[in-house]
Amino acid sequence: FFEIGQLDDAEARYRMVLKFPKAGAYWYAMYKLGWIDLNKQRFQDALETFFQVAQATRNDKKQEILNRASKKDFVRAYAEIGKADKAFPAFQRVDARYALDMLEILADTYLAQGKSDKAIFVYQDLMKRQPTHKNVCLWQYNVAHAMLSMVGAQNADKVKEIENLVRLWGALKGKKTLPQSEAQECHDNAAAMSGELARAYHSESAKTKNPETLAYAERLYKIYLFGFPDADDYPQTQYYYAELLWSREIGRASCRER
């Protein structure tokens, strides 16, 4: 019944299982009721049910998979009704040792749901709590990505977060604290985001003649050249940067003549 979407029928049968507390399927039935609540948008009920399952199965090695699933789905329900700034204490009540993992799941969920402001808050919270985590650069990349997609975000904030990403890469590269795969991903993400957006702003400013847009392109070219001196397109980017500086100087000279 659950698999074919007949939730009322499924709920009735799962509740029949709950009449037998000692049954091996008891907590699995309770967990599925949480999913029925989730599908019916009874988010508070889902939250409480997943919490119950997580607590009841936490010390049972036979129920490890169910325990982990219930904690992840607690986050799924929390993303619908919980407050981002109260998330970590709530997750600690579920499982103190798994709370930071749950916080990362919440940030990823917010990002997938398009809740950019909440995703940014939680990723930044993660970075403060775990500055040496192997995913710290990915979190900053997600912050920048969320800022780029957020409706109403200012260009200044977008550029700032990309600059933060490149600076973070520079700091981590020097310490060599990231595993090889995470380090390469950090490098590639920071290079692509800063380089591509620099050229996009440069191209836009050529059409609009907007000095503010040109200034953003300048900042991004500068941070790209600072962060990736070994890039294949470094000479080409230097050329674009010089061209931009020249066009800005010509613009200033023209203003002085007026």
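How do the residues of the lining of the largest cavity divide into nonpolar, polar and charged? I took this as my opening query, bearing in mind that the model is predicted.

**Entry 1: the cavity.** I searched for enclosed space and found 1 cavity of 30 Å³ or more. I noted a volume of about 50 Å³ for the largest cavity. I then listed its lining: Lys134, Asn135, Cys137, Leu138, Tyr141, Glu182, Glu185, Cys186 and Asn189. To settle the opening query, I recorded 4 nonpolar, 2 polar and 3 charged residues in that lining. I next assigned the lining to helices: helix H8 (136-149) and helix H10 (180-208) each supply at least two residues. H10 gives the most, with 4 residues.

**Entry 2: helix H3.** I checked the length of helix H3 (residues 43-56) against expectation. Because a helix advances 1.5 Å a residue, the 14 residues of H3 should span 20 Å, and I found its end C-alpha atoms 20 Å apart, which agrees. I then looked up burial and found Phe43, Ala46, Leu47, Thr49, Phe50, Val53 and Ala54 buried in H3. The cover over these buried residues includes helix H2 (26-39), helix H4 (64-81) and helix H5 (87-94).

**Entry 3: the nonpolar core.** I found that the largest nonpolar core has 79 residues. Phe50, listed above as buried in H3, is among those with the most contacts inside this core, along with Phe74, Tyr78, Phe91, Leu106 and Leu220. I followed Phe91 further: leaving aside residues up to four places away in sequence, Phe91 touches Phe74, Val75, Tyr78, Ala96, Ala99, Met102, Leu103 and Leu106. I add the general remark that nonpolar side chains tend to be buried together in soluble globular proteins.

Conventions. Residues numbered from 1 in each chain as written. Predicted model: local features only at pLDDT ≥ 70, side-chain atom pairs only at ≥ 80, totals over all residues. Heavy atoms only, no water. Expected span 1.5 Å × (residues − 1). Buried < 20%, exposed > 50% of the residue type's maximum accessible area, 1.4 Å probe, protein only. Contact = heavy atoms within 4.5 Å. Core = buried A, V, L, I, M, F, W, Y, C linked by side-chain atoms within 4.5 Å. 1 Å grid on protein atoms, 1.4 Å probe; cavity = no way out; pocket = protein on both sides within 12 Å on 5 of 7 lines; lining within 4 Å. Points joined across faces, edges and corners; volume = space filled by probe spheres on them. Nonpolar A, V, L, I, M, F, W, Y, C, P; charged D, E, K, R; others polar.
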